[in-house]
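Please walk me through this model in the viewer, one selection at a time. I would like to know what to select next and what is there.

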Amino acid sequence: MLSTILLIGCLSMVLVVSLAVEDGEISLSGLAAKVTVSSDDFGVPAVSAENRIDAYRALGYLHARDRLFQMELMRRKSAGRLAELFGVSALKTDRMQRAYQLSKTAADIVGDLPTEQRRVLRAYAEGINAYLKQTSVLPPEFLALRHRPESWREEDSLLVILGMFQNLNGQEQDERMVSVMEKALPAELVTFLTPDTDMFSNVLVGGTAPRRFSNSISPEVFAALPAADMPVALNSVDVENIVAGSNNWVVAGSKTADGRAIVANDMHLGLAVPNVWYRADLRYQGRHLYGVTLPGVPGVIVGGNENVAWGFTNVTADLVDLIRLELNPDNSDEYRTPQGWATFGEHREIIHVKDGQDVELTLKDTVWGPVSEQALLGQQVAVKWTALERGAVDLGLLDMDQVETSGQAIEVMNRSGAPPQNVVIADRDGHIAWTYMGRFPHRIGFDGLVSRSWADGRSNWQGFIPEQGLPRLLDPAEGFIVTANNRTLGSEYPYLIGHNWALGYRAYRIAERLRGKNNLTEQDLFEIQLDTRGGVYDFYRQLALEELRQLEDKDGQLEEIEQVLAAWDGHMGKDSIGAAFLSEFRSRLAVGVFAKIVAACKRYDPGFRYAWREMETPLRLLLNQRPQGLLAAEYRDDWRLMIVQTLRQTAEELHAAFPNLPLNQLKWSQAHVVEVQHPFSRVSPILSRLLDMPSFGSDGCASICVKVMGAGHSASERLVLSPSHLEDAIFHMPGGQSGHPLSRHYRDQQAFWQRGIAAPLQSDNVLHTLSLVPANDER
């Protein structure tokens, strides 16, 4: 017993020693002058440096001090090196990542960076390595894994950026899905099922007309579809189709109380401990930057300086093409190109597996890009992805430290290479703007929606859309600009950006709350960020009630359902009755409507899932038009029967999940539980109490509410900010600044985020002061 107590005591002492040093003086090699780091109540560092290079050297040190394990996971995931830490359980992920060859891409990007960006990157990496060199006791995750990280390379920061790029814009599933649909379904049905618009469209430029929309379909098209398999379809229709996204909007000085322009931004990502973002404040050479940073990367991602503020949402652009490869029938090592047969490039890589045997991979390349690990419709495909192209990624966002106006901010954003984003901008004179950041392919001969062969030369990319061709909007008459991953471009815009936009309801609802309002403040915009109106469900509530009211004899189950639907308050609030029912009902209706579509596509791809983000458009059209031949045979083309049966199934599902609760007492927060987990607890649940944030029943919803809160996907931060008015800025995020579970800053911001409390972006209360000074030989 005594030995156990001593062991626990020793372990506790070791863990305490690994906590961050926040006071005193530390020598930091490479500094030109002293850097002061003041930390506030939440452990947010304010860095004061003589020059830019020193500031980012210090930021590298601080990122490593507070988030080293997070950074280690991010660089390893992108590079396909997780199995070295976690063994065979990570092998599948590593194999997929190696196929993209992101390590090579990261090295190419570093070599291509402009001189000043390279200087910043080098100093930042040296700051990380200074921490590694000085620290004898690493954070507890390293101790548990018995692992000491390698030195941080400049390429590792690019691997972190590429990992975020992949999370936001590097998915292949849309093109794979539609390619299977093209094979399995008539062309007019594919068009009907994959629109680029919905009833909530909020278009900014290029007219209002969509590029791809059909409002009806010939009934005979459905007659040829195979029989529905309802149990299979239940897991193959994703009506939510959650995507990494965000809300952002900006209001002009004409709509605020004192003429200031204000940005509001909440970025929606997968939840984890620690949170993806790290707050920081940087001052150097008369410049002041503040907001959120990404550990592993130099620069402020979202935030402001004294003159402008900015926020991001994912564009949901189509940046990936899967090129069908035509193999030489006489030589499988060759594929057809416009110049004739070419030989696959080939190289071997080894995945080291902890406590297991190494795995050797043979990776293939083409003139267009790497060959995917996964065939499409039985045919090999090459991956053409903007992130892998020269010139697509850089550190151009660093130049936001010099920007003074909205117009200058647009120029910086347009020339910056990064995961493409909608950017809203406010400046200190009350002006507002919107544009794109990042590179977009300029396609010739095709639209990129489905996989094609490029062998004949008619389909290709002609570089990127030129910077001057990217959309821009300055000071619109309405006095505000809103984006929420929705379609912002009409068909008159000359370039094709994407197809599968997010449902427009979030942008619609934000605009609805802003329209006609004046004297707006930061608090007003923050309250909009917490809006839980679930207007998408109005249609389904009305649909169900109309069908129920036309039934002459309703049993007890249907009467209970009718009462629950009538009780819904229109919101996805914590106490909302009927919200859980409507959410489940909508999902099950989509399964019933699209089951035969799924059956047809699964003939060609057993893993097929229909997950079009604008699914709401064809779903509502079909529920209104009620064509013959689409429903499963058991319904005999009786749409009312299908709807009523779906209502019954929904009730039965909820009763099974909550057996002790009548439906008219089931609150949304009881069915809608949010979890924020550490990577370790996902594989060792016994660690949950130590490492995770407590789970909680929440309001909001995963995709259609302005307040995005989901089981594993939520707002990763909420920011409201006006340049030159930092004292009124609002911010909260899950977790805390530190990734160390024993730190008081591990979870001290959680309550504000969880409860929707407005916390200040910055505090004047300095609790700690750390001096970083040049090493003795450099003074």
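Which residues of S18 lie on one side and which on the other, and are they buried or exposed? The model is predicted, and the tour starts with this strand.

**Stop 1: strand S18 and its partners**

Select residues 432-437, which make up strand S18. Ile432, Trp434 and Tyr436 lie on one side, while Ala433, Thr435 and Met437 lie on the other. Residues on both faces are buried, so the two faces are covered. In a regular strand the side chains alternate between the two faces of the sheet. Six of the six residues of S18 are buried, so the strand is largely enclosed by the rest of the structure.

Add strand S17, residues 421-427, which pairs with S18 in the antiparallel sense over six bridges. Within this pairing, asparagine 422 stands opposite tyrosine 436 of S18. The two strands form a hairpin with four residues between them. Label glycine 430 in the turn: its phi is positive, about 90°.

Now add strand S22, residues 472-474. S22 is also antiparallel to S18, with three bridges. Here tryptophan 434 stands opposite leucine 473 in S22.

**Stop 2: the largest cavity**

The structure holds four cavities of 30 Å³ or more. The largest cavity has about 380 Å³ of space. To find it, select Ile301, Phe312, Ala418, Pro419 and Met437, the closest to its centre of the 29 residues that line it. Met437 is also one of the buried residues of S18.

Which elements each supply at least two residues of this lining? They are helix H8 (154-169), strand S4 (245-251), strand S5 (262-270) and strand S9 (308-314). Coloured by class, the lining shows 18 nonpolar, ten polar and one charged residues.

**Stop 3: the second largest cavity and the second largest pocket**

The second largest cavity has a volume of about 200 Å³. Of its 21 lining residues, those closest to the centre are Glu240, Asn241, Ala502, Leu503 and Ser703. S4 and helix H14 (505-514) each contribute at least two residues to the lining. By class, this lining has nine nonpolar, seven polar and five charged residues.

Keep Glu240 selected and turn to the second largest pocket, with a volume of about 410 Å³. Glu240, Ile242, Ser583, Ser587 and Ala702 are the closest to its centre among the 21 residues that line it. Helix H18 (579-602) and helix H21 (668-671) are the elements that give two or more residues to this lining. H18 provides the largest share, five residues. The pocket lining has twelve nonpolar, five polar and four charged residues.

**Stop 4: a small open sheet**

Select strands S11, S12 and S13, which form an open sheet in that order with antiparallel pairing. S11 (327-328) and S13 (340-343) stand at the edges with a single partner strand each, so one side of each has no neighbour in the sheet. S12, residues 331-337, is joined to S13 by four bridges. Tyrosine 335 has alanine 342 of S13 as its bridge partner.

**Stop 5: aromatic rings**

From Tyr335, extend the selection to Phe344, Trp368, Phe446, Trp454 and Trp461: ring pairs link these residues into a cluster. At phenylalanine 344, also show lysine 364, whose charged end sits over the ring, 4.9 Å from its centre.

The structure holds 23 aromatic pairs. How are the rings of tryptophan 368 and tryptophan 454 arranged? Their centres are 6.2 Å apart and their planes are at 75°, so the pair is edge-to-face. Tryptophan 368 is in the loop between strand S15 (359-365) and strand S16 (381-385), and tryptophan 454 is in the loop between strand S20 (452-453) and strand S21 (460-464), so the pair ties together parts that are 86 residues apart in sequence. Both tryptophans are buried.

Finish with tyrosine 537 and tryptophan 568, whose ring centres are 6.4 Å apart with planes at 90°, so this pair is edge-to-face. Tyrosine 537 lies in the loop between helix H15 (522-529) and helix H16 (538-549), and tryptophan 568 in the loop between helix H17 (556-567) and H18, so the pair ties together parts that are 31 residues apart in sequence. Tyrosine 537 is buried, with a relative accessible area of 1%. Tryptophan 568 is buried at 6%.

Key:
Residues are numbered from 1 along each chain as its sequence is written. This is a predicted model: local features need pLDDT of at least 70, side-chain atom pairs count only at pLDDT 80 or more; totals for chains, interfaces and linings use all residues. Side-chain values use heavy atoms; hydrogens and water are left out. On a 1 Å grid over the protein atoms alone, a cavity is a set of points where a 1.4 Å probe fits but cannot get out, and a pocket is an open set with protein on both sides within 12 Å along at least five of seven lines; lining residues have an atom within 4 Å of a point. Grid points are joined across faces, edges and corners, and a volume is the space filled by probe spheres set on the points. Ala, Val, Leu, Ile, Met, Phe, Trp, Tyr, Cys and Pro count as nonpolar, Asp, Glu, Lys and Arg as charged, and the others, Gly among them, as polar. Two strands pair if DSSP finds at least two bridges between them. Rings of Phe, Tyr and Trp (its six-membered ring) pair if their centres lie within 6.5 Å; planes under 30 degrees apart count as stacked, over 60 as edge-to-face and the rest as tilted. Buried means under 20% relative accessible area, exposed over 50%, partly exposed in between (1.4 Å probe, protein chains only). A charge sits over a ring if NZ of Lys or CZ of Arg is within 6 Å of the ring centre and within 35 degrees of the ring normal.
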